[in-house]
Structures are given as structure tokens and as C-alpha cells.
Amino acid sequence: AAAAVAVTGSSGVAAAAGLYRYLRDFCGCHLSWSGAQLRLPDPLPRLRAEIRAAAAGRYRYYQNVCAQSYSFAWWDWARWEREIDWMALSGINLAPAFAGQEAVWQRVYHNLGLNQSEIDKYFTGPAFLAWNRMGNLRRWAGPLPPAWHLKQLYLQYRIVERMRSLGMTTVLPAFAGHVPQGILRVFPRVNATRLGGWSHFDCTYSCIYLLDPEDSMFQVIGTLFLKELIKEFGTDHVYSADTFNEMTPLSSDPAYLSRVSNAVFRSMTGADPEALWLMQGWLFQHQPDFWHPAQVRALLHGVPLGRMIVLDLFAESKPVYQWTESFYGQPFIWCMLHNFGGNHGLFGTVEAINHGPFMARRFPNSTMVGTGLVPEGIEQNDMVYELMNELGWRQEPLNLPSWVSRYAERRYGAPNAAAAGAWRLLLRSVYNCTGVCVNHNRSPLVRRPSLHMDTELWYNASDVYEAWRLLLSASAELGSSPTFRYDLVDVTRQAAQQLVSNYYLDIRSAFQSHALPELLTAGGVLVYDLLPELDSLLSSHSLFLLGRWLESARAMATSDREAEQYELNARNQVTLWGPTGNILDYANKQLGGLVLDYYGVRWSLFVSVLVESLNSGRPFHQDEFNQAVFQVERGFVYNKKRYPAVPAGDTLEISRKLFLKYYP
């Protein structure tokens, strides 16, 4: 059997992708974030003839700068190694290697004459570094302890070594023009301007200085950093920099914008004459009022054609290549963003991703050079990523209903009509959002309660309830499969999320019609039964535990003080996202522990305030409630309660109990 099949490829990645194709298509195996199904047939299937496959574009890209914080923040080497192996088997050949850059920056800042307190006022805490690197945020949840730098350097050595050994091209960070305020003390004549606040942050934690592109220090700092980085980690000549991510440039003058991109590029070539700039194209669709064709063209043409690759970051919903004549001649990668903030919630735009990359290739004078997966957070909706990875190697779209039926069989390791039927229902409903779809979970479950909450769905809720019923009916046959148990939690969770919306609407209508008994009933069921049941369901699976996220943060620490800082970072990110709820619930997660002690406590307060309002005849004031609920939210961040990192309870039993109680 060992000699049954030989897999070769033009690179380690190509050979690994060939291996996974054999395992997937001939052995019925499956590999994903939520688990693997690797039961091999014995003997191994032989192939009657050689099978050759070539990717349609040069690159298959993976990773979003935000995922470095939303998903990878607390990873150790074992977790990185697993991800890099998954990347290789998925055919990914281009990806960032961003760990350890703060250690190199710290060295550069010291060499330039900054003192430690000036550096400490610049770096954020570990859970927010993605936005420090893009010039959005400074100081919040920091400073970075010395041990953090050492651990991240050690990780980065191993990450780049493993990626390169598999034939992947690593993308290293470069200088985008943002500097700590300390630079102005050391070089008082430097020409730097303060950018505005980012998102809902004021200048306490935002408003970072941007060097003028003509200032000589731009090249000095940029080249110094990159030389130091290359000395440390070697290079594959591709670099990432984002100067204006969600930040309005100081001038819309095309000449200014060209000077900025040219300065960034020159600071790269000053250290590496072969430099290629990989830039996110998010800014163009995020601020369309600023980025008109003249501004886009100017920024892109500040760099010689072919020396920049643009990530068309949200191409499945808001492609930029279509209104920029294919990025005015610069190569681009068609990317599926799919997920914001690492939220849980079944979601996909399967028709858009099944056709989008092929349409982009056929676009007049297309400069497309590959496909990419760029979720802000991972470990959710495995099916969508398996599909997108497969499409990177296809020459034409897939037949999705038959593809998803085979997916279910591979994922669970056995054919099952009910499971396949469940997946076809999910495919046509939650996974088939059309038009401009933004997958940001806005369910009342994970949002601060109010009387004006959005309960709209892009799909038919009954399809999810029916998929839930079908999956449960398959549990006698498939219940021992780890991937099946994960999906059962996920689909039950989605059904429960829909039920929360129904109870919310009952609560709202009872309050508005002054029906106290109905308000008490609906509020009581939600707060005292549905949310605790959902919490116990999530607590039965290791991948849905708050404790897993918090304990992985604590495990990065080398002292109790660090452990407390890292845990506060981890708690704040998934809840308040800032000191005062600046980006409240952006990175919401449905985790055992979080549902009960954060979302549940919020809903309990909301219901009791409404009941009190009806009893006393005093009108409900959202502003007053927001002030009271903020204390609850903040209380959760600082409650110091330790949450289990090991699951408890039987997933199948809990899901069945929820089903018998709540199936509509």
C-alpha cells in the first residue's frame, strides 16, 4: 500500500496540495480547523492514470492582518505548526510572517535615541497589536513586557523556517510612515503630522504621527527597520505596509498620495532592491468618499507597475478591481474576507465565491494573479474555507449542491442522507447571502440590549431549524465523529441565536403594549432557561470555551502580573474593545462562560429594567440603561473568575434537550 501513489509538485506546497487532493477525492478524508477525519481505506486506492493539476493563478494567499490579534494572539509553536501544515495542504503559497516585529522595532527605536517609556507609550497590548501596526492605535492595554518580545522572536524564527521549508513565500512587515511621539523629541526638526482619531478612540489612545514622505527621516527609519528585520529573519522579498488603513490621508492631492506610496516603496528598496510591496486594498472600498479614481490611481502609480500586489480584500461583496480598471495595471489578488472580528455565526456567500474569481480573470485587461482567504478571525465556518481553497485550483465553478453532499460525507467519514440533506439546506440558506453581504454578527444575543435591535435575516430561519432536526436524527450513526459534534454545536447554537431574536421580539412587544405577565414570561424563559442552556451546550465542546481563550493568554505569561495583563487583554477584546466600549462587541464570540456571565447578565438587567419601568410607570431611557449596563460589562472584564478550559457535559444530550424544548 505504501507504494500505491506518488505525489510530486513544483514546490513543497504544490506537493502537499496534491497529497490533500488525493486524501480528499480518493480516500474520502477531511481536514479543517475544527478537526480531521483521516480514516484511510485499506488498501489505499490506486490511480488508473496520472492526474495533473495547476493553479489558475500564481498565488494562493492566506491571513488577514487583524487575524494576528483576533485569532493568533496567544498561539504557541504547536498551534502555529498545525496552521502552517494546514496552509500547505490547502495549497497556500503566500502568507504574512508578522510575529516578533515589535522586538525589532524596539531595537531600532533604541538605536534612534528613544527611551523605554516613550516606546511603552506607543506599543499596545498583545491583543491589539494589529491596529498599532497599521497606525490606528497606541498604548491601549500595553505596555509589552520584555518576555513578550523574546517569545515572539523565538516563534518567528520557527514560523519563517517552517513556511520556507514548505516552499511558501513569507511576507514581512515594512515601514508605513507611522512613528512614536518620542521621534519628535529626538529629532525636533522632523516633519510629522498627527493623524485623526480612529474608530471611536480619541487622542488618548489614537492620533498617531505620520512622517512627511519628503522628510529624510522617512527613508532612514524605514530602511533601518527593514535591514534589521532581514538580518534577523532573512527575506523572500515581499513586504506589507498599510499607511492609510481606515485613516483619512492629510491631503487628497494626487501628487501627495503618490509621494507617500513612493516613499514607502523606496524605504523598502533601500534595504532590498528586489522588494515587492503587498498592500491591502481595504481602504479604497472602506472610504469611497475619499478614494475616487484619481486618488486610487495616484497611490498605486507611486510604485512602478508590477512592484506592488494589491489584495482586493472584500472581493466577494465589494470588489474594487471593477471600478479601478483592474487596479490601474497593478497586479491584484481576488480575496474572500468573509468574517469580521472572529464572530461566530453560520454565514457564507457561496455563489459569489464560486463565480467571482473566474469573472475577475475574464475582466478586460485583468491583472489578477491569484486568490486569497483573508478572514479577520478563523476557526469558524470550515465549509466556506474548504470551498475557497478548492476554487483556487479550479478552472471553472463547482456544482455546489453535489459538492456539499460530498463534503458532509468526507467530514463525517460516512455517507448519511440526513447529514447531507442538512448541509444542502444550510448551503441554500445561511451560506447563500447575495448582494452586498457583511458577515458581522448583529444578533440581539451578542449585542447590548435596546428597544431598536436588528433581527433581520438574509435567509429562511426554518431551513436552519430543519437542518438542526436532520443533524440530530443522524447523531445515532455519526455521533462519535468529532467534526459532527462540532457541527451539531454550531447548528444548535445558530438555532438558539434565532430563538433569542424571537424572545426579544416578544419582550419588546409585551413592553410596548404594557403586558407585564407576557413580559415576565418571555424574559424569564430567555434569561433563566434559553441562555443557560446555550451556555451549557457551548461548554460541552473545547472549541467553544471562553476558558480556552483566557488560559491560552495566561499561558504566554512568565509572571502573575503578565498573566493578569494578558487575561485583561483577552477579555477586553471580545467585549468592550477599548476602555469605554469604543468598539463594543465588534469581536463578539459565542463561548461557554461568556454567554452566561456577559450576554446573560446584560439581558437579565434589560428585562428587570423593563419590568421596573412598567411597574413604576417611569419611561425606559436607553442612555440610563447604557450607563448601568456598562458597569456590568466592565465588571465582567475585571471579575477575575477562572473559566474551565476543559469541556463538560454531553453535546448530543444537551442539543437534544434544547431541541425537545425549543424546536418550533
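Let's start with the cavities, meaning the enclosed spaces in this predicted model. How many cavities of 30 Å³ or more are there? The count comes to seven. As a reminder of the idea behind this, a probe the size of a water molecule is rolled over the atoms, and that shows where empty space is left.

The largest cavity has a volume of about 290 Å³. Lining this cavity are 22 residues, and the closest to its centre are Gln 101, Trp 105, Arg 133, Met 134 and Ala 174. If you have the structure open, find helix α4, residues 101-112, and α6, residues 129-133, since each of them supplies at least two residues of that lining. Which of the elements gives the largest share? That would be α4, with four residues. As for the chemistry of the wall, we have 13 nonpolar, six polar and three charged residues.

Now move to the second largest cavity, which holds about 130 Å³ of space. Its lining has 14 residues, with Gln 68, Phe 72, Ala 73, Arg 133 and Gln 152 closest to the centre. The elements giving two or more residues here are α2 (67-70), α6 and α7 (146-165). You may have noticed a familiar name: Arg 133 is among the residues closest to the centre of the largest cavity, and Arg 133 is also on the list for the second largest. By class, the lining of this second largest cavity divides into ten nonpolar, three polar and one charged.

On to the pockets, which are open. The largest pocket has a volume of about 1200 Å³. It is lined by 47 residues, and those closest to its centre are Ala 17, Gly 18, Arg 21, Ile 51 and Ala 53. Which helices should you look for around it? At least two lining residues come from each of α1 (12-25), α15 (382-391) and α16 (400-412). The largest share belongs to α1, with eight residues. The lining as a whole splits into 21 nonpolar, 13 polar and 13 charged residues.

The second largest pocket contains about 760 Å³ of space. Here 37 residues form the lining, and Ser 199, His 440, Arg 442, Ile 583 and Tyr 586 lie nearest the centre. Where in the chain does this lining come from? Domain 1 (97-304) and domain 2 (439-662) each contribute at least three residues. Among the elements, helix α11, residues 282-286, gives the largest share, three residues. In terms of class, there are 17 nonpolar, twelve polar and eight charged residues in this lining.

Next, a strand that I'd like you to zoom in on: β11, residues 308-312. Is this strand mostly covered or mostly open? Mostly covered, with five of its five residues buried. In a regular strand the side chains alternate between the two faces of the sheet. You can follow that pattern here: Met 308, Val 310 and Asp 312 point one way from β11, while Ile 309 and Leu 311 point the other way.

What does β11 pair with? With strand β10, residues 276-280, the pairing is parallel and runs over four bridges. Trp 277 is the residue standing opposite Met 308 of β11. With strand β12, residues 332-336, β11 also pairs in the parallel sense, this time over three bridges. There, Leu 311 has Ile 333 of β12 as its bridge partner.

Let me finish with two single residues. The first is Asn 354, in helix α14, residues 350-362. Why does Asn 354 count as buried? Because its relative accessible area is 2%, and the cut-off for buried is under 20%. Leaving aside residues up to four places away in sequence, Asn 354 touches Leu 391, Pro 397, Leu 398 and Leu 400.

The other is Gly 593, in the loop between α23 (560-574) and α24 (594-616). Gly 593 counts as buried because its relative accessibility is 7%. Again setting aside residues up to four places away in sequence, Gly 593 touches Asp 535, Ser 539, Leu 546, Tyr 598 and Tyr 643. And for a sense of distance, Gly 593 and Ser 258 are 335 residues apart along the chain, with 50 Å between their C-alpha atoms.

Thanks, everyone.

Terms used
Residues are numbered from 1 along each chain as its sequence is written. This is a predicted model: local features need pLDDT of at least 70, side-chain atom pairs count only at pLDDT 80 or more; totals for chains, interfaces and linings use all residues. Side-chain values use heavy atoms; hydrogens and water are left out. On a 1 Å grid over the protein atoms alone, a cavity is a set of points where a 1.4 Å probe fits but cannot get out, and a pocket is an open set with protein on both sides within 12 Å along at least five of seven lines; lining residues have an atom within 4 Å of a point. Grid points are joined across faces, edges and corners, and a volume is the space filled by probe spheres set on the points. Ala, Val, Leu, Ile, Met, Phe, Trp, Tyr, Cys and Pro count as nonpolar, Asp, Glu, Lys and Arg as charged, and the others, Gly among them, as polar. Domain bounds come from an automatic or database domain assignment. Buried means under 20% relative accessible area, exposed over 50%, partly exposed in between (1.4 Å probe, protein chains only). Contact means heavy atoms within 4.5 Å. Two strands pair if DSSP finds at least two bridges between them.
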